[in-house]
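Visitor: Could you walk me through this structure and explain how each label was earned?
Guide: Gladly; let us look at it together.

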Amino acid sequence: MSQSIKIQFVADNEAFSPVLVLFAGKDGTLAEAAAKRVGKAVAARIKAVATTESFSGKAGSSLALPAESGLGDSPVHLLLVGTGEGETDFLRLGGQVQSKLPKGRDASVFCALPGGAFDAVAAAEFSLGFRMAAYRFDRYQTKKGEETDSKPGALSLLVDNPAAARKEAKTREAIYGGIELARDLVNEPPNVLTPAEFAKRAAGLEKLGVEIEVLDEKALKKLGMRALLGVGQGSEQESHVVVMKWLGAKDEKAAPVALVGKGVVFDTGGISIKPAESMEDMKGDMAGAAAVVGAMHALAARKAKANVVGVIGLVENMPDGKAQRPGDIVTSMSGQTIEIINTDAEGRLVLADVLWYTKTKFNPKVMVNCATLTGAIIVALGVEHAGLFSNNDELAANLTKAGLATGEKVWRMPLAPEYDKIMDSKFADVKNSGGRKGGSIIAAQFLQRFVDGCPWAHIDLAGTAMGSPVTDISKGWASGYGVRLFDRLVADHYEG
Ligand code: BES
Ligand code: MN
Ligand code: ZN
């Protein structure tokens, strides 16, 4: 949810701030501009206090000097933050500073680096990290006023070129909007975020110039999306597919990049029902679709010069008298028949139809899908990397690079035809589940049958997008993973 933080970039270092953030390099040495800002005498006393408090200036370390300490021009709080040695990760630094601000105060922050003023990109990244760390999802916490969480009203950053910083920051604001949207969607409870409500929120991108088409069950039946519809048939909620088109390239007709997302708004497992323990987390089983919507937001808001289509499959997987059974055989839109072995392997059924639809309708340059597809990917990679599967080395390399550049890392996993025989069905073309060994790979091999030779990548973000740990730039649970990864992929390889 929006915290509406006002961020200013200033070239002089005299701006008034109730909280003054000063960066210190190794040994706690103050930045020159920071020393100038507080004056020689105070700088010397800060250094002395830093030594007494064994503040080392290591990256991530901090020392708060409240106004009452008499340092600085009272009533200014000083916050000393270490930047350590080597390259600074400004996104993380912004998050660290946000988290360390004195609680419950409106703060404006003045920052200067040991090396001088921020350059434009550093300042913009810092402000994005700051916003990301300030995100809270407290819509349903009626007593939130009593919580003294830091709610910064303003941030001012010392930069050498304010106009250039503002320009870079504008792009990051667009990206932040996408992250916030994705996080909100993942955090929303499943009684609120039905497929219809999700579709409505995705349709909100229309105001940014995104063309929206919402397909209801009648339209999906006509298209033959029986694999997707089978998953939703035990739910009271109607299933939907949403198509989002951002046509920002010079040639509106140029083949687009396609982003496809799994949007299971709640995954009980269906008739193959999940155990009760942590089932509430399955409200996040739409994090792939949320990442796609968030990325579309970012791309449209920053007016990316690329054609990108986002397609998401929205269903609820419930057990019911009408629910799909193990043993059922469905005919997918591609014509391939699928024997349902486990109704909890539902994500691949949704994606089978949405991938086929996207490929045949848009003939994209590349198609990247993302999904909270398997618990096995969490066993394999934990929460630091998403699993990447691809039939195209160049696309895989580009995603890997985008992951390293943004910190939304992916790790490539294998695809190989040997895994296919595990999915041989006695009664249909393929079965939807094949035991526990190599579960994430089998799921990816299944998806590959529905991409019709398109250069394609599948990102399994079950470990990275939901149930996430607290980090410098995320207060946890919904991380917004995928938005920056996709934005970066498009920016670096498909724009211009
Ligand atoms: N949504 C789950 C995967 C998941 C698990 C996401 C944990 C996030 C956290 C998916 O639909 C699922 O249930 N997968 C099964 C597949 C199995 C039945 C072949 C799994 O991972 O156990
Ligand atoms: Mn499932
Ligand atoms: Zn699922």
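Visitor: Let's begin with the zinc ion (ligand 3): how are its donor residues spaced in sequence?
Guide: The donor residues of the zinc ion (ligand 3) follow the pattern K-x4-D-x17-D-x60-E. Please keep in mind that this is a predicted model.

Visitor: Which residues coordinate the zinc ion (ligand 3)?
Guide: They are Lys262 through NZ, Asp267 and Asp285 through OD, and Glu346 through OE, at 2.0 to 2.4 Å. A donor has to be an N, O or S atom within 2.8 Å of the metal, and the distances of 2.0 to 2.4 Å meet that limit.

Visitor: What makes the arrangement around the zinc ion (ligand 3) octahedral?
Guide: Six donors count as octahedral if opposite ones are over 155 degrees apart and all others lie between 65 and 115. Around the zinc ion (ligand 3), the 6 donor atoms subtend angles of 77 to 175 degrees, and the arrangement is therefore classed as octahedral.

Visitor: And what makes the arrangement around the manganese ion (ligand 2) irregular?
Guide: There are 6 donor atoms here, with angles of 71 to 166 degrees, and the resulting class is irregular. The label is the one left for anything that does not fit the named geometries.

Visitor: Which protein donors does the manganese ion (ligand 2) have?
Guide: Asp267 gives an OD atom, Asp344 gives both O and OD, and Glu346 gives OE, lying 2.0 to 2.2 Å from the ion. The spacing of these donor residues in sequence is D-x76-D-x1-E.

Visitor: What makes Asp267 a bridge between the manganese ion (ligand 2) and the zinc ion (ligand 3)?
Guide: Asp267 coordinates both ions, which are 3.2 Å apart. The pair also links distant parts of the chain: Asp267 belongs to strand β9, while Glu346 sits in the loop between β12 (337-339) and α10 (347-362), 79 residues apart.

Visitor: Why is Glu346 called buried, and why is Asp344 called partly exposed?
Guide: Buried means under 20% relative accessible area, and partly exposed runs from there up to 50%. Glu346 has 1%, so it is buried. Asp344 has 22%, so it is partly exposed. As for Asp267, it is buried, as is Glu346.

Visitor: How do you know that strand β9 (residues 257-267) is largely enclosed?
Guide: Of its 11 residues, 11 are buried, so the rest of the structure largely encloses β9.

Visitor: What makes β9 and strand β10 (residues 307-317) a pair?
Guide: Two strands pair if at least two bridges are found between them. β9 and β10 have 10 bridges, in the parallel sense, so they qualify. One example is Ala258, whose bridge partner in β10 is Val309.

Visitor: How many bridges join β9 to strand β13 (residues 366-371)?
Guide: There are 5, and these strands run parallel; Val257 has Val366 as its bridge partner in β13.

Visitor: Why is the unit of β9, helix α9 (residues 287-301) and β10 called right-handed?
Guide: With the strands pointing away from the viewer, the path from the first strand over the helix to the second must run clockwise. The unit made by β9, α9 and β10 is a right-handed β-α-β unit, so its path runs clockwise in that view.

Visitor: In the open sheet with the order β11-β12-β16, what makes β11 (329-331) and β16 (430-431) edge strands?
Guide: Each of them pairs on one side only. The sheet has 3 strands with mixed pairing. β12 and β16 pair in the parallel sense over 2 bridges, so they meet the requirement of at least two.

Visitor: How do you know that helix α4 (residues 120-134) has the span expected of it?
Guide: The expected span is 1.5 Å times one less than the number of residues. α4 has 15 residues and reaches 21 Å from first C-alpha to last, close to the expected 21 Å. Of its 15 residues, 13 are buried, so α4 is largely enclosed by the rest of the structure.

Visitor: What makes Asp119 a cap of α4?
Guide: A side-chain oxygen of Asp119 lies 3.1 Å from the backbone nitrogen of Val121, at the N-terminal end of α4. A polar contact needs N or O atoms within 3.5 Å, and 3.1 Å is inside that limit.

Visitor: Finally, what is notable about the phi of Ser278?
Guide: Ser278 has a positive phi of about 65 degrees although it is not a glycine. Ser278 lies in the loop between β9 and α9, and its 36% relative accessibility is why it counts as partly exposed.

Technical notes: Residues are numbered from 1 along each chain as its sequence is written. Chains are lettered from A and ligands numbered from 1 in the order in which they are written. This is a predicted model: local features need pLDDT of at least 70, side-chain atom pairs count only at pLDDT 80 or more; totals for chains, interfaces and linings use all residues. Side-chain values use heavy atoms; hydrogens and water are left out. Helices (H or I, at least four residues) and strands (E, at least two) are DSSP runs, numbered from the N terminus. Buried means under 20% relative accessible area, exposed over 50%, partly exposed in between (1.4 Å probe, protein chains only). A polar contact is a pair of N or O atoms within 3.5 Å; within protein, one must be able to donate a hydrogen and the other to accept it, and residues adjacent in sequence count only if both atoms are side-chain atoms. Four donors count as tetrahedral if all angles lie between 85 and 135 degrees; four count as square planar and six as octahedral if opposite donors are over 155 degrees apart and all others between 65 and 115; anything else is irregular.
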